[in-house]
Amino acid sequence: MSTRIAFLKGHGTENDFVIVPDPENAIDLSPAAVAALCDRRAGIGGDGLLHVVRSAAHPEARAMAAQAEWFMDYRNGDGSIAEMCGNGVRVFARYLQRAGHVSAGDIAVATRGGVKTVHIAKEGDITVGMGRALLPEGDVTVSVGGRTWPARNVNMGNPHAVAFVDDLAHAGDLLTPPPFSPAAAYPDGVNVEFVVDRGPRHVALRVHERGSGETRSCGTGACAVAVATARRDGADPSVTGTPATYTVDVPGGTLVITERPDGEIEMTGPAVIVAEGVIEPEWLESALR
């Protein structure tokens, strides 16, 4: 990397991201480079990185190019690749709007979890169509500090284990992945949400995001929590014919999740661009030595 690389910094309910615009997919972002950029002490800092690429220019997204011009090549803070990031999609859309690639209204964004529909309000929040939740069968448990809880297995394009607890402090520091069982339930690791009730259709969570540790928010996690809570409460929109809406408090703010009778899930929340600048190639080369 011999030239300066442009970047932006943004967040959605304090789930924060380094944004690297690269329409033609010309920048080689190795896992080590992503981890260096996301380092909070020696780099820019972020829970993950949003690599902004035209779908037609990326081998993993070309098949979606007819549906969505832009591909969110999302990376976790440790450099690993993830299927989806709900807060990331909102920030990704906000960047596209800021850059003049899209305007307020409905757009489509390609992700490894499929094409997501996004509505950018003229003022205020962004709503993302998160697809349908899958609820794999089988018992799952998660553990922290000698405590063990049953968890609901929910897949939102990425895997989640949702555990209801009496106190969010029981989740511990969430710096390391909470142990889960059976191992076969999540062969590639899992995002773990610990949930408490705040009121009718109102919950709060803490989350360990696979590859990032505890984060201030997780969009797919909030969706998984809303679905798991609805099922616990006996609310299945496909059965009742009535949408189920839950307010989900995350450490960085609040998200509103609605599951429709057709199974589609919508997430609404804020997305903010904080800053922009350039990455010095000398620093990045030094960081990768």
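**Close-ups of a predicted model: cysteines, an aspartate and two helices**

**View 1. Cys38, tucked away without a partner.** Cys38 is buried, with a relative accessible area of 5%. This is a predicted model, and the view looks at what the sulfur of Cys38 has around it in the way of other cysteines. The closest cysteine sulfur belongs to Cys85 and sits 11 Å away, which is too far for a bond.

**View 2. Cys85, another buried cysteine.** Here the relative accessible area is 3%, so Cys85 counts as buried. Look for the closest cysteine sulfur and you land on Cys218, at 6.5 Å from the sulfur of Cys85. That is again too far for a bond, because a disulfide needs the two sulfur atoms within 2.5 Å. Applied to the model, that rule gives a count of zero disulfides.

**View 3. Asp22, a buried acid with no salt bridge.** Asp22 lies in the loop that links β2 (15-21) to α1 (31-38). Asp22 is buried, yet there's no salt bridge to go with it. The nearest side chain of opposite charge is Arg75, 7.9 Å off; the cut-off for a salt bridge is 4 Å. What the Asp22 side chain does reach is the backbone nitrogen of Ala26, at 2.9 Å. Leaving aside residues up to four places away in sequence, Asp22 also touches Ile27, His51, Val52 and Val53.

**View 4. Helix α2, largely enclosed.** Helix α2 takes in residues 86-98, 13 residues in total. From first C-alpha to last it reaches 19 Å, close to the 18 Å expected at 1.5 Å a residue. Eleven of those 13 residues are buried, so the rest of the structure largely encloses α2. Among the buried ones are Gly86, Gly88, Val89, Val91, Phe92, Ala93 and Leu96, and the list also includes Asn87, Arg90, Arg94 and Tyr95. Just past the end of α2, Gly100 takes a positive phi of about 85 degrees.

**View 5. Helix α3, also wrapped up by its surroundings.** Helix α3 is made of 14 residues, 219-232. Its end C-alpha atoms are 20 Å apart, in agreement with the 20 Å that 1.5 Å a residue should give. How many of the 14 residues of α3 are buried? The count is 13, so α3 is largely enclosed by the rest of the structure. Following on from α3 comes Gly234, with a positive phi near 80 degrees.

Technical notes
Residues are numbered from 1 along each chain as its sequence is written. This is a predicted model: local features need pLDDT of at least 70, side-chain atom pairs count only at pLDDT 80 or more; totals for chains, interfaces and linings use all residues. Side-chain values use heavy atoms; hydrogens and water are left out. Helices (H or I, at least four residues) and strands (E, at least two) are DSSP runs, numbered from the N terminus. The expected span of a helix is 1.5 Å times one less than its number of residues. Buried means under 20% relative accessible area, exposed over 50%, partly exposed in between (1.4 Å probe, protein chains only). Lys and Arg count as positive and Asp and Glu as negative; His and the chain ends are not counted. A polar contact is a pair of N or O atoms within 3.5 Å; within protein, one must be able to donate a hydrogen and the other to accept it, and residues adjacent in sequence count only if both atoms are side-chain atoms. Contact means heavy atoms within 4.5 Å.
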